[in-house]
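Here's a quick briefing to read alongside the structure. Have the viewer open so you can click through the residues as they come up.

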Amino acid sequence: GEGPSSLTPGHCAARGFGPPRPRRRGACAMSAERLWTYGCNDHLELELETLPSGFQVSGLLRRDFENLCAELNVVPHPLLKPRLSPLPARSGAQPMAAQRSRRTSNASTTTSAAGDEAESEAAKAALEEAMRHPAISLRSMLLDRVSMQVLAVLIPRCSHLRQLTFSDCRLDVETLRLLRRGLQGTSTVEALQVEWNAVELPLPAPEALEEAAQQQAATSSQRTPSAPGSVTSAGGANLEWRERCRYRLQTQRCLRAFRTWLVDLAGGQEEVWRALAAEPAEGALAAGEFHDLLERALGARGPQVAEAFDALDGPEYGGGLGSIYLSTMREALESLPEEAEGAATGDPVGLAFAAFFDGECTLESCSFRT
C-alpha cells in the first residue's frame, strides 16, 4: 500500500524508479577498453626482442598479438586485433524463447558446457579463417614502434602466415628494421609489400648535430630559422633542433635527387638552365605552373616535381608562400653541399631496405613503392 508519493528519493532509487543516486567519483558502470592512438605506448619505452617467459603461443597471429599486448600492458593496434565474426548457426538450433522455457535446475552445468563448446568452435573457426587468408594487410593507418616490436617477435611463431602488406602506414627506418628482425629463422612469410610509403631520414644523433651545423654554415644562405645558441650549447639533445637538422638534411637529399634527375633528362646541368631560359627567372610560379613548365621544357613530370616544389617552398628557401622562383631553384640546386665520402654506402634509408636482401631474410618476393 505504499505509493511512490510517500517514498523518499533514496527509496525510489533503491526500488528502480526515480532519480538515480550520484555515482562516486572515479567509478564507472563498466570498464572501458583503452583506445589506440599513435604514441599511446611510447611511455613504456619497450625494448622487446624475445617473447616473455611463460607466454603461450597459439600460432594465430591476431590472437597472440592481443594476448601479448595484454601481458605487456600495451594498447593493441586495432588493425592487428582479432576480427569479430559471428559463429555459424548450428543445425537444429531452437529459438531463444523455447530455450528459455526449458531451463532446468542444472542450468549452470548446461551453460558451462555450452560455453566450452562455443569457445572450441570459435578457436576452430579462427584457425580455419587464418588458413584461408594467410596474409596480414594494414592500409592507411599509422603503425607505431611498440606495435611493430610485438608483431616482429610473433611473426616467426605463426606458421600460417605467408604475406605482409603495409600500404600508406608511414613506416620509418626504425620500424623497417624492427620488421626485418621478425623475417628470419622460422618465419614462413614469403612476400612483403610496402606501398605508398616514402621513407624519410631519421632524426640525427646528438653527436651528428655539429656536422649538420657546419653544413648549414657552408651553404651561407642564412635562410634557416636560427636556433637559440649553438648546437653544442643546446647539449645536442634538443628535440626541436634535431628535427630542424633532420628536415634540412631531408630537403638536401630531395633536391640532390631532383637535380640528378633533371640533368639526366636534359643531358647536362647547363642544358637544364638553357631549356628554362625562356621563363623569367624572377617570375613567381605556383605549383601548377611549375609542373607545366618542367613538363613543357624538360619532359619532367611525376611525384618528384611535387616533392621538389614542396622543398623549395619550405622554410629552407621559400617560406611557405605557395610559389617559387626559377632563380631560387637554380641557386638552391647549385649550392647544395656535396655528399660526404662514403655517404652512399652508409645511407640509413638504403641500409634499412638492403637488410631485406642480406641472404638471411626468409622473403622470396619484395615490393617497395613510394
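Let's start with H77, which sits in the loop between α2 (61-72) and α3 (96-101). This is a predicted model, so keep an eye on confidence as you go: the mean pLDDT of the protein is 79, with 69% of residues at 70 or more.

**H77 and its surroundings**

- Is H77 buried or exposed? H77 has a relative accessibility of 0%, so it counts as buried; the cut-off for that is under 20%.
- The side chain of H77 has a polar atom 3.1 Å from the backbone nitrogen of L79.
- Leaving aside residues up to four places away in sequence, H77 touches W36, F65, M141, L142, L143, D144 and S147.

**How far to trust the model**

- Confidence peaks in helix α5 (residues 145-154), where the mean is 96, and bottoms out in helix α1 (residues 9-14), where the mean is 46.
- Residues 1-7 have pLDDT below 50, and this stretch makes 7 contacts in the model beyond near neighbours in sequence.
- Residues 93-106 also fall below 50, and that stretch has 2 contacts beyond near neighbours in sequence.
- Where pLDDT is low, don't read the predicted coordinates in detail.

**The overall picture**

- The protein has 13 helices and 4 strands.
- Of its 370 residues, 32% count as buried.
- If you take contacts between residues at least 6 apart in sequence, 75% of them join residues at least 24 apart.
- About 22200 Å² of the protein is exposed, and carbon and sulfur atoms supply 52% of that.

**Strands β1 and β2**

- Strand β1 (residues 135-139) pairs with β2 in the parallel sense, over 5 bridges.
- Looking at one of the rungs, L138 has F166 in β2 as its bridge partner.
- Strand β2 (residues 163-167) is mostly covered, with 4 of its 5 residues buried.
- As a reminder for the viewer, side chains in a regular strand alternate between the two faces of the sheet.

**Aromatic pairs**

- How many aromatic pairs does the structure hold? There are 5 aromatic pairs in the structure.
- One of them is F290 with F309: the ring centres are 5.8 Å apart and the planes sit at 45°, so the pair is tilted.
- That pair links distant parts of the chain, with F290 in helix α10 (residues 287-298) and F309 in helix α11 (residues 303-312), 19 residues apart.
- Both F290 and F309 are buried.
- F356 and F368 make another tilted pair, at 5.7 Å centre to centre and 55° between the planes.
- F356 lies in the loop between α13 (348-354) and β4 (365-368), while F368 is in strand β4, so the pair ties together parts 12 residues apart in sequence.
- The two partners are covered to the following degrees: F356 is buried, with a relative accessible area of 3%, whereas F368 counts as partly exposed at 28%.
- Ring pairs also link F353, F356, F357 and F368 into a cluster.

**G350, a long way along the chain from V173**

- G350 belongs to helix α13.
- With a relative accessible area of 34%, G350 is partly exposed.
- G350 and V173 are 177 residues apart in sequence, yet their C-alpha atoms are 9.2 Å apart in space.

**Positive phi outside glycine**

- E45 isn't a glycine, but it has a positive phi of about 50°.
- You'll find E45 in the loop between α1 and α2, and it is exposed, with a relative accessible area of 68%.
- S140 is another non-glycine residue with a positive phi, near 55°.
- S140 sits in the loop between β1 and α5.
- Is S140 buried or exposed? S140 has a relative accessible area of 58%, so it counts as exposed; the cut-off for that is over 50%.

Notes: Residues numbered from 1 in each chain as written. Predicted model: local features only at pLDDT ≥ 70, side-chain atom pairs only at ≥ 80, totals over all residues. Heavy atoms only, no water. Helix = DSSP H or I, 4+ residues; strand = E, 2+ residues; numbered from the N terminus. Buried < 20%, exposed > 50% of the residue type's maximum accessible area, 1.4 Å probe, protein only. Polar contact = N/O pair within 3.5 Å; in protein donor to acceptor, adjacent residues only side chain to side chain. Contact = heavy atoms within 4.5 Å. pLDDT = per-residue confidence, 0-100. Areas by Shrake-Rupley, 256 points an atom, 1.4 Å probe, with all protein chains shown as cover. Phe/Tyr/Trp six-rings, centres within 6.5 Å; stacked < 30°, edge-to-face > 60°. Pairing = 2+ DSSP bridges.
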